[in-house]
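Me: Please pick one buried spot in this protein and look at it closely for me. Then follow the surrounding elements outward, so that I can connect the spot with the rest of the fold.

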Amino acid sequence: MLLNKEITEQLTEITAKDRVLLNEPLKAHTTFRVGGPADVFITVKSIKEATETVRLLLAHGLPYKVIGNGSNILAADSGYRGCIVCIGMDHINVSGTSVTAGAGAMLSKTAYLAYENSLSGMEFASGIPGSVGGAMVMNAGAYGGEMKDITSYVTLLDTESFGIVKLASGMMDFGYRTSIVRKRPYIVLEAEFELDRGDKADIKGRMDELSQKRREKQPLEYPSAGSTFKRPEGYFAGKLIEDAGLKGFSVGGAKVSEKHSGFVINTGDATAADIIAVIRTVREKVHECSGVMLEPEVVMIGDIEP
Ligand SMILES: Cc1cc2nc3c(=O)[nH]c(=O)nc-3n(C[C@H](O)[C@H](O)[C@H](O)COP(=O)(O)OP(=O)(O)OC[C@H]3O[C@@H](n4cnc5c(N)ncnc54)[C@H](O)[C@@H]3O)c2cc1C
């Protein structure tokens, strides 16, 4: 490992002793509940901490990856050789019809605060188990809404110039499960949402309705990373998988959910290798049956490939 004691101590000085964890299992930080140890796992709680941490890692040529809530990540069984930087700025402020949230704030909490302030527009995101930062990277969306619809500004750290960049939504290059952050060396620090005044009971009603739909349709009782594959244009991944006869298909502890074929779930003791084996078979068989090659939506960390 390239990270020596001296660098680890410097990381502790930038953040705090209890926020620099060595050989930290990634299964504790991903909703799939798989993943071996990261050499270092550090949680940053301010823009200054994020900037100084990344600056130090880059100065020493150390590999790093940023994560939010780990709800769209498949981490290798061998873990990650380098430093995982978890974004922990979780402030949420409401001012008039605008809501500003740190990249580490949970979407669910942000949407709930919007509701408490009678602000409508974020209901669709209330059941997505990610952070605001992860949602900006992925342009997370559900039930007809997408983050790009409500985002006004995003504050980013440019890890090349170490400048702070504030981009209007139109400059974010938002697309289906993607944004500029996937193409440029940016780290999301904060996002600002512009919402509409609404009726509190209606907002709550919509949130409850969507939450009920999720519980009925999605295997929330098992660890997963949500939809494993992107929706191919003109198709539904779940339907293609079902048509290929793969509903319930399993390898070790990883299984194509019987409740929603678009989800690969961890039935208890899955390894990343099990999950990858399921993903590979699904891609092959669906391609054979329909000619469509499914692309994983989940982001892989460590020595792992679909
Ligand atoms: C049960 C379940 C249901 C789900 N339902 C939906 C859904 O309806 N719609 C949907 O779109 N998604 C859904 N997801 C997937 C996931 O919640 C979203 O993709 C979410 O936006 C990921 O956020 P995160 O904070 O967990 O990001 P992570 O999984 O931690 O990271 C995802 C990617 O973003 C990067 N990243 C994270 N934070 C930052 C940051 N601050 N700066 C730079 N890069 C960063 C990571 O490097 C990684 O590439 C679901 C997942 C689960 C488990």
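Reply:
**Around Thr-228**

Thr-228 counts as buried, with 29 C-beta neighbours inside 10 Å; buried takes 20 or more other C-beta atoms within 10 Å of a residue's own, exposed 12 or fewer, and partly exposed lies in between, with C-beta atoms placed from the backbone. Please keep in mind that this is a predicted model, where local features need pLDDT of at least 70 and side-chain atom pairs count only at pLDDT 80 or more, while totals for chains, interfaces and linings use all residues. Residues are numbered from 1 along each chain as its sequence is written.

The loop between strand 15 and helix 7 (237–243) is where Thr-228 sits. Helices (H or I, at least four residues) and strands (E, at least two) are DSSP runs counted from the N terminus. Setting aside neighbours within four places in sequence, Thr-228 is in contact with Gly-262, Phe-263, Val-264, Ile-279, Pro-296, Glu-297 and Val-298. Contact here puts the two C-beta atoms, placed from the backbone, within 7 Å. For a sense of scale, the C-alpha atoms of Thr-228 and Ser-152 are 28 Å apart, with their positions 76 residues apart along the chain.

Now for the sheet. Strand 15 belongs to an open sheet of 4 strands in the order 15-18-17-16, with antiparallel pairing; a pair needs at least two DSSP bridges. Its edges are strand 15 and strand 16 (250–251), each of which pairs on one side only. Strand 16 is joined to strand 17 (residues 254–256) by 2 bridges, in the antiparallel sense, and one bridge partnership is that of Val-251 with Ala-254 in strand 17. Helix 8 packs on this sheet and touches strand 16, strand 17 and strand 18 (263–266), its direction making about 30 degrees with that of strand 17. The axes behind that angle are lines fitted to C-alpha atoms, for helices over the stretch in contact, and angles run from 0 to 180 degrees between N-to-C directions.

Helix 8 also leads us to the core. The largest nonpolar core holds 86 residues, and Val-188 and Ile-275 have the most contacts inside it. Helix 8 (residues 272–290) gives the most to this core, 7 residues. Such a core is a set of buried Ala, Val, Leu, Ile, Met, Phe, Trp, Tyr and Cys residues joined through C-beta atoms within 7 Å. In soluble globular proteins, nonpolar side chains generally tend to be buried together. Beyond its neighbours within four places in sequence, Ile-275 is in contact with Phe-32, Val-34, Leu-74, Ala-254, Val-264 and Ala-270. Val-264 therefore appears in the contact list of Ile-275 as well as in that of Thr-228, with contact defined as above.

The ligand is the next stop. Of the 33 residues around it, Gly-68, Gly-130, Gly-133, Gly-134 and Gly-226 come nearest; a residue is near a molecule if its C-beta atom, placed from the backbone, lies within 6 Å. Two or more residues of this shell come from each of strand 3 (64–67), helix 4 (132–138), strand 9 (141–142), strand 13 (186–194) and strand 15 (224–227). Helix 4 supplies the largest share, 5 residues. By type, the shell has 18 nonpolar, 14 polar and 1 charged. In that tally Ala, Val, Leu, Ile, Met, Phe, Trp, Tyr, Cys and Pro are nonpolar, Asp, Glu, Lys and Arg are charged, and the others, Gly among them, are polar.

Two of those shell strands tie into further pairings. Strand 13 is mostly covered, with 7 of its 9 residues buried. Strand 7 (residues 98–102) runs antiparallel to strand 13 and is joined to it by 5 bridges. Strand 11 (residues 151–158) pairs with strand 13 over 7 bridges, also antiparallel. Glu-192 of strand 13 stands opposite Thr-100 and is the bridge partner of Tyr-153. Strand 3, for its part, pairs with strand 5 in the parallel sense over 4 bridges, and Val-66 stands opposite Val-85 in strand 5. Of the 8 residues in strand 5 (residues 80–87), 6 are buried.
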